[in-house]
Amino acid sequence: MLQAYCPDCEKDSELLSIKEVVYVARICRRTVYDWIRRGRLHLMEDAGGHTLICKRSLIGPYTKRR
């Protein structure tokens with residue numbers, strides 16, 4: 001896992017790949033993409049263009065509904 005500053009949280013956070021999010025949150029890929037589409041997860045891209053998700057934002061979908 002990578003650690004970086006998340007501008008949405010305004011704090012340092014671990015960054016997870018989509019595969020890691022599926023494993024950590026015990027959800028399917030479809031749910032991850034749905035949460036991304038709804039703006040519930042904080043996204044970043046690495047130098048290779050891979051999507052990374054702020055681990056802190058992973059708690060939000062369980063506690064806040066938009």
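A disulfide is taken here as a pair of cysteine sulfur atoms within 2.5 Å. By that criterion, the predicted model holds zero disulfides. Cys 54 illustrates the point. The nearest cysteine sulfur to that of Cys 54 belongs to Cys 9 and is 3.6 Å away. That separation is not within the 2.5 Å cut-off, so Cys 54 is in no disulfide. Cys 54 is nonetheless buried, with a relative accessible area of 0%. Cys 28 is partly exposed, at 41%.

The overall architecture is mixed. The protein chain comprises three helices and four strands. From the N terminus, these elements follow the order β-β-α-α-β-β-α. Strand E1 spans residues 2-6 and strand E2 residues 11-16. Helix H1 covers 18-25, and helix H2 covers 29-37.

Burial and contacts were computed for the whole chain. Of its 66 residues, 32% count as buried. The exposed surface of the protein chain is about 4,700 Å². Carbon and sulfur atoms supply 50% of that area. Among contacts with a separation of 6 or more, 45% join residues 24 or more positions apart.

Val 21 offers a view of the buried part of the chain. This residue is found in helix H1. Val 21 counts as buried because its relative accessibility, 0%, is under 20%. Beyond residues up to four places away in sequence, Val 21 touches Leu 16, Arg 26, Ile 27, Val 32, Ile 53 and Leu 58. Val 21 and Cys 54 lie 33 residues apart along the chain. Their C-alpha atoms are separated by 9.5 Å. Like Val 21, Cys 54 has a relative accessibility of 0%.

Two loop residues have notable backbone angles. Most residues other than glycine have a negative phi. Glu 10 has a positive phi of about 60 degrees, although it is not a glycine. Glu 10 lies in the loop between strand E1 and strand E2. With 59% relative accessibility, Glu 10 counts as exposed. Arg 26, also not a glycine, has a positive phi of about 55 degrees. Its place is the loop between helix H1 and helix H2. Arg 26 counts as exposed, at 77% relative accessibility. Arg 26 is also among the residues that the buried Val 21 touches.

How values were computed. Residues numbered from 1 in each chain as written. Predicted model: local features only at pLDDT ≥ 70, side-chain atom pairs only at ≥ 80, totals over all residues. Heavy atoms only, no water. Buried < 20%, exposed > 50% of the residue type's maximum accessible area, 1.4 Å probe, protein only. Contact = heavy atoms within 4.5 Å. Areas by Shrake-Rupley, 256 points an atom, 1.4 Å probe, with all protein chains shown as cover.
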